[in-house]
Structures are given as structure tokens and as C-alpha cells.
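User: I am new to this structure and would like a close look at a single part. Please take one loop, and then the strands around it.

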Amino acid sequence: MKKPYLITALILAGLAAVYFYKQPPKPIAVDVYTVAKGEVKSTVSNTRVGTVKACRRAFLAPATGGQVAKLHVKEGDQVQQNQLLLEVWNKDLQDQVKLQQAQIRANQASAEQACQLGASAGREAERINKLYQRDRFVSEEMVDNKVFTAKSKQAACKAARENIKVSERALEAAQAAVERTLLIAPFDGTVAEINAELGEYATPSPPGIPTLPAIDLMDVSCLYVSAPIDEVDAPQIKTGMTACVSLDAFPEKRCSGTVSRIAPYVLEKEKQARTVEVEVKLTDPKDLKELLPGYSADIEVLLTSKAQAIWVPAEAVMENNRVLLIKADGLLEERSFKPGLSNWNTIEVISGLAVGDKIVKSIGQDGVKAGAYVQERP
């Protein structure tokens with residue numbers, strides 16, 4: 001009686017094992033991308049982070065050292081070109097200017113006196129000469145003396161006038177000495193930083209010894225991004241190419257940039273890849289809004305593009321241009337394709353995939369490999 005039950009139990013257990021063995025494993029939930037057509041761009045990006053910079057920035061210090069006597073601006077002030085920013089004590093030099101101005105006035109008076117005497121002597125010599133020519137009432141010797149005296153006094157007039165020019169040049173030199181104690185804005189801009197206080201001693205930076213500037217002035221109305229591009233990619237970039245700028249401080253890209261400069265040399269730094277510095281200038285006022293010099297930034301230079309091309313996201317592509325294709329029953333199959341244009345986000349498909357194919361985006365997920373069953377994550 002027990003033997004038929006045992007046989008039946010074994011048969012049922014075998015059928016259950018066959019049933020569970022043939023059941024496919026529970027599918028893995030994955031992110032799916034459906035292959036479609038769209039614009040694909042070929043771009044080049046920087047290898048290390050770039051920096052937003054002002055088109056014009058000046059680290060200003062007085063041309064001559066001295067005690068800060070007057071500070072006419074504060075940090076954040078908007079200044080105009082040729083506006084006075086700072087003065088070093090220069091009372092002695094200003095007195096020299098006043099002295100030269102007084103010397104000019106004295107020389108002018110002396111010149112006027114000498115020229116009047118010269119003119120008078122000239123007229124007298126002319127009268128004596130007429131008398132000699134007409135009636136011989138005077139001697140030839142008197143005529144010669146009068147002519148000599150007139151020429152001598154006229155020469156003194158000329159010398160006095162030259163003295164005025166000399167004193168004017170001396171005045172210009174004294175004024176230049178005063179100007180060396182004045183810090184003047186070389187362009188319209190914003191005072192970014194002041195490293196001087198009233199009474200402190202300000203000095204220009206000696207050659208080869210950098211010191212803090214008295215005033216840091218920058219023009220924030222014009223900004224650009226400077227970023228290093230790998231030497232392998234640099235030959236593809238030309239000035240005038242369109243570029244986008246990405247900043248950590250803002251979520252959106254700013255794509256009004258154009259390549260304004262490519263460094264004419266390769267930058268070599270120890271333990272770093274050799275790079276070429278590329279500058280991208282932003283032109284749209286909206287893109288310049290809230291942008292500040294010093295922000296970290298990345299650039300993406302557009303080399304070429306296709307408006308309607310089959311493409312896949314770069315995150316879905318494995319080594320050697322392979323993707324995981326999802327078949328109709330959810331089984332994953334490895335598929336290779338021929339790539340075209342590419343950037344950090346998208347890769348053009350020349351052949352190997354068709355519009356409508358579904359591929360896995362989350363290729364790094366556990367268990368996601370060829371032969372596994374998957375389902376689209378809701």
C-alpha cells in the first residue's frame with residue numbers, strides 16, 4: 001500500500017522540479033532607452049576645471065612708495081576711467097609744482113623786460129643808421145655800437161624766452177612726480193579688493209617679488225572662461241567655434257559662447273597631461289547675469305553636428321561600442337554597433353541598431369548582463 005503512494009509522490013516532486021526549472025527568473029527592473037533619431041553633436045571638453053575671468057583686470061599699486069594719505073574708494077565701488085582711487089603723501093612734490101609755476105611767472109616777466117629792451121635798442125639802432133645814411137651826422141662807429149647793442153639785447157630776449165620753456169619742462173617733471181603718487185583707474189570697472197589703509201606704507205611690487213596690490217580693479221561687464229584642453233583634442237578647435245559653458249554654481253548651460261583665443265603653446269606641468277589653454281567668451285547678456293570672476297567652469301566646444309541621426313546615450317554604451325539589447329521577451333542580448341559623432345552625453349549610431357530598439361541604460365546595475373531577464377523600471 002505504501003509503495004504506490006511513494007511512486008506518486010516522487011512523480012509529483014519531479015513534475016514540480018521541471019516546472020520551477022523551466023520558469024524564467026524574476027526580471028530585474030532597469031532604466032530603458034528606446035533608440036530614436038535626433039540631433040547629435042561632436043564636441044570637445046576641457047580635461048581639468050576652467051575658471052571664469054574678467055576680460056580686463058588690473059592689480060594696481062602706486063608707481064612710487066609712500067604713506068597712504070587719501071583713499072577715495074571702497075570695495076565694490078563702480079569707478080570710471082581716469083578716476084582718482086588713492087593718493088600717497090606728496091605735499092613736498094606739490095610744493096615743487098607750485099615753485100615751478102612761480103618760476104615760470106618770474107621767467108615770463110624777465111623775458112618781457114628783456115624783449116622790450118631789445119625792441120627799443122633795435123629801433124634806436126635803426127634811427128642812428130638812417131641818420132648816418134642821410135647826413136653823416138653820426139659816426140660809423142656809433143652806428144656799429146648801436147647795432148651791436150640791439151642784437152645783444154634781442155639775443156637776451158630770445159634766451160629769456162627759452163628759459164620759460166625750460167621752466168615749463170621742469171614743471172611737467174614736477175607734475176609727473178606728483179602723478180606717480182596717484183593711483184588712477186585705467187578703465188571703467190569695479191573695485192574688487194583694497195589692500196591698503198590710511199596711514200599705511202604702500203609700495204610698488206619689486207621685480208620678481210609679488211606683493212598684494214593696493215587695489216584690485218576688474219571690468220565685470222566682459223567675462224570669459226579659460227580652460228585647458230588636452231593636446232590631442234586641441235588641433236580640432238578653431239577660433240569662432242560655438243561653445244557652451246557649464247558652471248557648478250548654476251544648473252543650466254550657457255551656450256552663447258564662442259572660442260576667442262587658443263594659446264599658441266602647449267602647457268607642460270609635472271604629473272599632468274599636456275594641455276592647451278582655450279578661452280571662450282560669452283556674449284549673451286542673459287548668460288553674463290549673476291556670473292562672477294573666479295567661478296569654476298567647464299567648456300564644451302562644438303566641432304560639428306547632425307540634425308537627424310540615430311543615437312544612444314553614452315551612459316548605455318560599454319567598451320568596444322557594445323550595448324545590452326532588450327528582446328521582446330525581456331532577455332538581454334549583447335549587441336555591437338558602429339559609432340559616428342559623439343560627445344559626453346550622446347553617440348551616433350551608423351549601423352548595428354535601429355530606431356525603436358530598446359537598450360539598457362543602467363548597465364552598472366547588479367545582475368544586468370547578457371542572458372538576464374529585465375523589465376522597464378516604472
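**A loop and its sheet**

Analyst: Start with Glu-197, which lies in the loop between strand S9 (189-194) and S10. Bear in mind that this is a predicted model.

How exposed is Glu-197? Its relative accessible area is 49%. Exposed would need over 50%, so Glu-197 is classed as partly exposed.

Glu-197 also belongs to a group. Together with Glu-75, Glu-193 and Glu-200, Glu-197 forms a patch of negative charge on the surface.

Now follow the loop on to S10. This strand belongs to an open sheet of 4 strands. The order is S8-S7-S5-S10, and the pairing is antiparallel. Which strands stand at the edges? They are S8 (182-184) and S10 (201-202). Each has a single partner strand, so one side of each has no neighbour in the sheet. Strands of a sheet pair through backbone hydrogen bonds.

Move inward to S5 and S7. Strand S5 covers residues 66-71, and strand S7 covers residues 84-88. The two run antiparallel and are joined by 3 bridges. One pairing to look up is Lys-70 with its bridge partner in S7, Glu-87.

For another antiparallel pair, turn to S16 (residues 322-326) and S17 (residues 332-336). Here 5 bridges join the strands. Ile-326 has Leu-332 in S17 as its bridge partner. S16 and S17 make a hairpin, with 5 residues between them. Look at Gly-330 in the turn: its phi is positive, at about 90°.

Conventions. Residues numbered from 1 in each chain as written. Predicted model: local features only at pLDDT ≥ 70, side-chain atom pairs only at ≥ 80, totals over all residues. Heavy atoms only, no water. Pairing = 2+ DSSP bridges. Patch = residues over 30% accessible without salt bridge, like charges linked within 9 Å, V, L, I, M, F, W, Y side chains within 5 Å. Areas by Shrake-Rupley, 256 points an atom, 1.4 Å probe, with all protein chains shown as cover. Salt bridge = Lys/Arg side-chain N within 4 Å of Asp/Glu carboxyl O. Lys, Arg positive; Asp, Glu negative; His and termini not counted. Charge placed at Lys NZ, Arg CZ, Asp CG, Glu CD. Buried < 20%, exposed > 50% of the residue type's maximum accessible area, 1.4 Å probe, protein only.
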